[in-house]
Amino acid sequence: YFNVANVSADNVINKDKLVTSVKIEKGDTLWSIAKEYFSDDYKDMNEFIKEIKLSNGLYSDTIHEGHYIIVPYYSSNNSQ
């Protein structure tokens with residue numbers, strides 16, 4: 001016995017991975033910045049923070065006020 005599902009390509013949403021530059025303000029942490037840009041495209045917050053650190057060559061969670069970091073995010077691409 002088989003279950004059959006009809007799937008339409010019209011329901012597929014293409015997403016582009018983009019980056020934005022964020023200036024680190026006093027009191028900011030990787031967690032607070034990641035929380036602002038987190039989406040369901042990532043498994044969990046730890047995975048997202050790990051990607052932010054990798055994108056910026058960070059080996060620790062320490063960030064400094066006045067510096068900039070790159071934060072990846074996904075954007076829906078509906079132009080077909």
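User: Is aspartate 41 buried, partly exposed or exposed, and what is its relative accessibility?
Analyst: This is a predicted model, so the call comes from its computed areas. Partly exposed is the band between under 20% and over 50%. Aspartate 41 falls in that band, so it counts as partly exposed, at 33%.

User: Which residue forms a salt bridge with aspartate 41?
Analyst: The closest N and O atoms of the pair are 3.2 Å apart, and the cut-off is 4 Å. The partner lies in strand S1 (residues 14–23), while aspartate 41 sits in the loop between helix H1 (30–37) and H2, so the pair ties together parts 26 residues apart in sequence. With 41% relative accessibility, the partner counts as partly exposed. It's lysine 15.

User: How many salt bridges does a search of the whole structure find?
Analyst: One of them joins lysine 15 to aspartate 41. Lysine 17 pairs with glutamate 51, and lysine 53 pairs with aspartate 61. The search of the whole structure gives three.

User: How far apart are the closest N and O atoms of lysine 17 and glutamate 51?
Analyst: Lysine 17 is in strand S1 and glutamate 51 in helix H2, so this bridge ties together parts 34 residues apart in sequence. Lysine 17 counts as partly exposed at 44%, whereas glutamate 51 counts as buried at 18%. Their closest N and O atoms are 2.5 Å apart.

User: Where is lysine 53, and which residue forms a salt bridge with it?
Analyst: Lysine 53 belongs to helix H2 (residues 45–56), and it's buried, with a relative accessible area of 18%. Leaving out residues up to four places away in sequence, lysine 53 touches Leu30, Leu58, Tyr59, Ser60 and Asp61. Its salt-bridge partner counts as exposed at 52%. The closest N and O atoms are 2.8 Å apart, and that partner is aspartate 61.

User: At roughly what angle do the axes of H1 and H2 cross?
Analyst: The two axes come within 10 Å. The window for roughly perpendicular is 65 to 115 degrees. H1 is roughly perpendicular to H2, with the axes crossing at roughly 110°.

User: How do the residues of the contact of H1 with H2 divide into nonpolar, polar and charged?
Analyst: On the H1 side you've got Leu30, Trp31, Ala34, Lys35 and Tyr37. Those meet Met45, Asn46, Phe48, Ile49, Ile52 and Lys53 in H2. The split is eight nonpolar, one polar and two charged.

Key:
Residues numbered from 1 in each chain as written. Predicted model: local features only at pLDDT ≥ 70, side-chain atom pairs only at ≥ 80, totals over all residues. Heavy atoms only, no water. Helix = DSSP H or I, 4+ residues; strand = E, 2+ residues; numbered from the N terminus. Buried < 20%, exposed > 50% of the residue type's maximum accessible area, 1.4 Å probe, protein only. Contact = heavy atoms within 4.5 Å. Salt bridge = Lys/Arg side-chain N within 4 Å of Asp/Glu carboxyl O. Axes fitted to C-alpha atoms, helices over the stretch in contact; angles between N-to-C directions. Parallel < 35°, antiparallel > 145°, perpendicular 65-115°, else oblique. Nonpolar A, V, L, I, M, F, W, Y, C, P; charged D, E, K, R; others polar.
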